[in-house]
Amino acid sequence: MKKIEAIIKPFKLDDLKEGLGELGITGMTVSEVKGFGRQKGHTEIYRGAEYMVDFIPKVKVETVVSSDMVDTVIEKIISSVQTGSIGDGKIFVIPIEKICRIRTGETDEEAI
């Protein structure tokens, strides 16, 4: 099992949700986050003064899938959110040792 974390542009969230739904993935966690990478922020003018905005608003989407679905999910994420411009985001794949659904006690694949 693998946890897939995708940091994406906020306006692409609905596209990603729809794309993952096409693969049968209905469970995900979504968090509003801020950060920067090569994009390095931007400047804004507020009340006539220019200032630097270092952290760019993004959305982090997390889902857990079986190991054999990882490549398919990554391809779907890319096709759903890619704009071709800087700041499209990143995808991280993390191994999961164990899952337990609290309500039923189901574990691992049954708990996804």
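The second largest pocket of this predicted model holds about 260 Å³ of space. Its lining is made of 14 residues, and those that lie nearest its centre are Gly27, Met28, Thr63, Val64 and Ile112. Strand 5, which covers residues 56-65, gives the most to this lining, with four residues. By character, the residues of the lining of the second largest pocket divide into seven nonpolar, five polar and two charged.

The largest pocket has a volume of about 310 Å³. Among the 14 residues that line the largest pocket, Phe36, Gly37, Arg38, Gly89 and Lys90 are the closest to its centre. Strand 2 (29-35) and strand 6 each supply at least two residues of this lining, and the largest share, three residues, comes from strand 2. In the lining of the largest pocket, four residues are nonpolar, five are polar and five are charged. The two pockets are set out together below.

| Pocket | Volume | Nonpolar lining residues | Polar lining residues | Charged lining residues |
|---|---|---|---|---|
| Largest pocket | about 310 Å³ | four residues | five residues | five residues |
| Second largest pocket | about 260 Å³ | seven residues | five residues | two residues |

One of the residues closest to the centre of the largest pocket is Gly37, which is found in the loop between strand 2 and strand 3 (42-46). With a relative accessible area of 38%, Gly37 is partly exposed, because a residue is called buried only under 20% and exposed only over 50%. Gly37 and Thr83 stand 46 residues apart along the chain, and their C-alpha atoms are separated by 17 Å.

The strands that supply these linings also belong to a sheet. Four strands form an open sheet in the order 2-5-1-6, and their pairing is antiparallel. Strand 2 and strand 6 stand at the edges with a single partner strand each, so one side of each is left without a neighbour in the sheet. On average, and with direction ignored, neighbouring strands of this sheet are turned by 20° against each other.

The pairings can be followed from one edge of the sheet to the other. Strand 2 and strand 5 run antiparallel and are joined by seven bridges, and within this pairing Glu32 has Val59 of strand 5 as its bridge partner. Strand 5 also pairs with strand 1, again in the antiparallel sense and over seven bridges; here Ile8 stands opposite Val59 in strand 5. Strand 1 is in turn joined to strand 6 by seven bridges, and these two strands run antiparallel. In strand 6, the bridge partner of Ile8 is Gly89, and Gly89 is also among the residues closest to the centre of the largest pocket.

Two helices lie across strands of this sheet. Helix 1, residues 13-22, lies across strand 1 (2-8), strand 2 and strand 5, and runs at about 10° to strand 5. Helix 2, residues 70-81, lies across strand 1, strand 5 and strand 6, and runs at about 10° to strand 1.

A further local feature concerns Asp108, whose place is in the segment after strand 6 (89-95). Although Asp108 is not a glycine, it has a positive phi of about 50°. Is Asp108 buried, exposed or partly exposed? Asp108 counts as partly exposed, because its relative accessibility is 25%, and the range for that class lies between under 20% for buried and over 50% for exposed.

How values were computed
Residues are numbered from 1 along each chain as its sequence is written. This is a predicted model: local features need pLDDT of at least 70, side-chain atom pairs count only at pLDDT 80 or more; totals for chains, interfaces and linings use all residues. Side-chain values use heavy atoms; hydrogens and water are left out. Buried means under 20% relative accessible area, exposed over 50%, partly exposed in between (1.4 Å probe, protein chains only). On a 1 Å grid over the protein atoms alone, a cavity is a set of points where a 1.4 Å probe fits but cannot get out, and a pocket is an open set with protein on both sides within 12 Å along at least five of seven lines; lining residues have an atom within 4 Å of a point. Grid points are joined across faces, edges and corners, and a volume is the space filled by probe spheres set on the points. Ala, Val, Leu, Ile, Met, Phe, Trp, Tyr, Cys and Pro count as nonpolar, Asp, Glu, Lys and Arg as charged, and the others, Gly among them, as polar. Two strands pair if DSSP finds at least two bridges between them. Axes are lines fitted to C-alpha atoms, for helices over the stretch in contact, and angles run from 0 to 180 degrees between N-to-C directions. Contact means heavy atoms within 4.5 Å.
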